[in-house]
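Hi,

Here's the structure I promised to pass on. Have a look at it first, then read on for my notes.

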Amino acid sequence: MTTRTLLAAALLALASGAAAQPPEFKQYASSDGRYKVQFPGPVKTETVPIKGDKSELVLTIDLVELRAGTSFLVTFVDAPAEVAKQPAAGRLDKVRDGNKGADGKVHSEKDVAVGIERYAGRDLLIEKPDGFLRNRVVIAGPRLYQVMVQGPKDVVTSPSADRFIESFEVTK
């Protein structure tokens with residue numbers, strides 16, 4: 001092999017090794033959202049108005065988009081008082097069904113208790129035509145959180161996705 005070929009091979013090995021590196025996670029705290037989590041990159045925040053039965057709600061989305069259609073996000077919305085009084089299981093079912101949609105398939109579903117407060121939650125893995133969605137849904141009083149990873153199955157079931165979802169904490 002020539003020196004040039006060896007150099008090219010070494011650069012290729014370095015480049016492919018760099019591409020395989022997991023993302024760098026940093027603590028992110030939302031004072032408005034009253035939560036903290038470790039996101040794998042700079043966070044963009046969007047708000048979206050949602051028309052409710054009797055009022056308009058505001059959904060906040062904190063998002064990190066990575067390559068290949070992969071995203072890590074936390075959403076939160078405060079439910080109206082009459083919805084917040086409903087049992088958590090029914091509310092979690094509605095979120096699951098909304099995320100699944102008509103064309104999705106739930107691969108796994110598990111009830112969880114989140115934080116020292118033991119907030120009602122549910123972990124979901126949903127297959128959609130355009131990829132997978134892994135979601136930890138948490139109900140903390142009137143507030144509904146969704147901690148989600150979207151993308152290919154190998155990403156949403158990866159140690160990076162585990163780290164992100166497990167790092168979520170409701171704060172005061």
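Asn-135 of strand β8 has Met-148 as its bridge partner in β9. Those two strands, β8 and β9 (residues 143-151), run antiparallel and share nine bridges; strands count as paired if DSSP finds at least two bridges between them. They make a hairpin with two residues in between, and Gly-141 in that turn has a positive phi of about 65°.

On to β7 (residues 119-128), which is also antiparallel to β8, again with nine bridges. Lys-128 is bridged to Gly-131 in β8, and this hairpin has two residues between its strands.

As for β8 (residues 131-140), 10 of its 10 residues are buried, so the rest of the structure largely encloses it. (Buried is under 20% relative accessible area, exposed over 50%, partly exposed in between, with a 1.4 Å probe and protein chains only.)

Then there's helix α5 (residues 159-166), where Ser-160, Ala-161, Phe-164 and Ile-165 are buried. They span an arc of only 125° around the axis, which places them on the same side of α5; the arc is taken from the directions from the helix axis to the C-beta atoms. Pro-159 and Glu-166, on the other side of α5, are exposed. The buried α5 residues pack against β2 (35-39), β5 (71-78), β8, β9 and α4 (153-156), contact being heavy atoms within 4.5 Å.

Helices (H or I, at least four residues) and strands (E, at least two) are DSSP runs, numbered from the N terminus.

Small print: this is a predicted model, where local features need pLDDT of at least 70 and side-chain atom pairs count only at pLDDT 80 or more, while totals for chains, interfaces and linings use all residues. Residues are numbered from 1 along each chain as its sequence is written, and side-chain values use heavy atoms, leaving out hydrogens and water.

Cheers
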